[in-house]
Amino acid sequence: MRAIGRYQPVGLLAEGGMASVYLAVQKGGAGTQRLAVVKVVRRALADDTDYQSMFAEEAELAMRLAHPNVIHAYEVGDHEGSRYLAMEYLDGQSLLSCFRRAGRRAMPIELHVYVLVELLKALDYAHNLKDYGGAPLHLVHRDVTPGNVFVTYEGNIKLVDFGIAKTSRAQLKTEAGVIKGKVTYMAPEQATMSNIGPQTDIFSVGVMLWEALAGRTLVGKNDDPNAILFRRIERGDPKIREVVPEAPSVLADICDRAMARNATDRFASASEMQEALETWLRSSESSTTLQRKVARFIGEAFAEERAVLAKRIDEAMSRKDEDTSSILQLKDPIAVETSAPTLARTVDPSLPPPGAKKPNARALGTVLLGVAVLATVVAAAFVVRSQRVVASSEPPLLPSAGSSLAEPKATTLNGTATGGTAPSSAPVEALSLIHISEPTRPY
């Protein structure tokens, strides 16, 4: 395959209806080279003005972000009539992949807290980001989840996927009545689309702390997403002490404050929550020691995958020809999840709770068939999650249409444990509030 700007593809990471993502080598002077991830937009979308605008907004934001705990973008360019975005290659796994492989309980609470501290550093930077003229961008990630927290084999933590981030400069507005994000980690104000700000992301980190202390997800795989949102808006989630009475009191207090229903009752900033967690960590171990332990934890969990991938990359980089057939498939096409994201409509607390009315069986059958067809058709478009696509043995992780977004059970593929796709298990009443459609970022 011919070079994409300054990048020579050596392997295909993922592809969909909107873009393809490659692992590539960037060659420099004196024979130097480095790995990069390059997302190339389909040429068929060259005349799609909305899509091009969305890509431009994402690329502009990606190029603006520069922090040790945030994935770094190298450049945006044009390739044979299509745009591309080049990003740094991250050698590691998502936090969600770690949980799927080893289990939440296998990671000591000190390591959980260390990861959240590093995540909060990234969020504090993002929340305070300014444009080049010094004006605040009011950036909110809106999708802070274990799937968007990347852990490298060196123990570094990176926040990825700012694809649905909200800024004051965004040109394309979210469709009225539609919210974006994952129900499990969604703050009450995000569900009602009111006063979204830094505390919205802080709530999501609070949920991650709750799950770290509980050793399980806050939301079960069979829970109704709309019931979750109603509960979150009206009375709040169960306190961590109700589930784990023996939870460390300091961490329980931090968790309760981060997950307060009212945004004003939460931490005033990500750095404030970070400092609270760091104070608890100081009584444990140094951050340097914790980083090494995180590296050892993930390295042991994925030792085989890392070795296999390293060998495949080395073989690909040693090839001299540029024939398309020489591009290795660095993703597992069998394991790619075929599901579309779920976007929930704005929740109106005055509406009756889910389950108040059963839909007509015939109409329901038609709706379910339409949703199933749409999920299949749209699936390829969401295989590529641009900011967190990495060379990994696991495919990009996506929520299941209409599901509770809990962790899927592990399945076995050729004798190797992999993350499976959680089946859609939400009650049929959920269809009254769940809106399945292509989000504003279909790639």
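This passage describes the confidence of a predicted model, followed by its first strands, a buried helix and several individual residues.

The structure is a predicted model, and the mean pLDDT of the protein is 74, with 67% of the residues scoring at least 70. Confidence varies along the chain: the highest mean, 98, belongs to helix α8 (residues 249-258), whereas the lowest, 30, belongs to strand β13 (residues 434-435). Two stretches may be singled out in this respect. Over residues 171-177 the pLDDT stays under 50, and the model has twelve contacts beyond four places in sequence for this stretch. Over residues 332-443 the pLDDT likewise stays under 50, although the model has 248 contacts beyond four places in sequence there. Where pLDDT is low, predicted coordinates should not be read in detail.

Strand β2 (residues 19-27) pairs with two other strands, β1 and β3. With strand β1 (residues 7-15), β2 runs antiparallel and is joined by seven bridges, and in this pairing Leu12 stands opposite Tyr22 of β2. The connection from β1 to β2 is a hairpin of three residues. With strand β3 (residues 33-41), the pairing of β2 is again antiparallel and extends over nine bridges, Val21 standing opposite Lys39 of β3. The hairpin between β2 and β3 has five residues between the strands, and within this turn Ala30 adopts a positive phi of about 60°. Eight of the nine residues of β2 are buried, so this strand is largely enclosed by the rest of the structure.

A comparable degree of enclosure is described for helix α5 (residues 198-214): 16 of its 17 residues are buried, and the helix is therefore largely enclosed by the rest of the structure. From its first C-alpha to its last, α5 reaches 25 Å, close to the 24 Å expected at 1.5 Å a residue. The residue that follows α5 is Gly215, with a positive phi near 75°.

His127, which is placed in helix α3 (residues 109-127), links this description to α5, since the residue range of that helix, 198-214, takes in its polar partner Asp201. The side chains of His127 and Asp201 are joined by a polar contact of 2.8 Å. Beyond its neighbours within four places in sequence, His127 is in contact with Leu139, Val140, Pro198, Asp201 and Ala270. The relative accessibility of His127 is 11%, and because this is under 20% the residue counts as buried.

Two residues other than glycine with positive phi values are found in loops. Arg142, with a phi of about 70°, lies in the loop between α3 and β7 (149-152); its relative accessible area of 11% makes Arg142 buried. Met193, with a phi near 55°, is placed in the loop between α4 (188-191) and α5, and its relative accessible area of 35% makes Met193 partly exposed.

With regard to cysteines, a search of the whole structure finds zero disulfides. Cys98 is buried, its relative accessible area being 3%, and Cys255 also counts as buried, at 0% relative accessibility.

How values were computed:
Residues are numbered from 1 along each chain as its sequence is written. This is a predicted model: local features need pLDDT of at least 70, side-chain atom pairs count only at pLDDT 80 or more; totals for chains, interfaces and linings use all residues. Side-chain values use heavy atoms; hydrogens and water are left out. Helices (H or I, at least four residues) and strands (E, at least two) are DSSP runs, numbered from the N terminus. The expected span of a helix is 1.5 Å times one less than its number of residues. Buried means under 20% relative accessible area, exposed over 50%, partly exposed in between (1.4 Å probe, protein chains only). Two strands pair if DSSP finds at least two bridges between them. A polar contact is a pair of N or O atoms within 3.5 Å; within protein, one must be able to donate a hydrogen and the other to accept it, and residues adjacent in sequence count only if both atoms are side-chain atoms. Contact means heavy atoms within 4.5 Å. pLDDT is the predictor's confidence in each residue, from 0 to 100. A disulfide is a pair of cysteine sulfur atoms within 2.5 Å.
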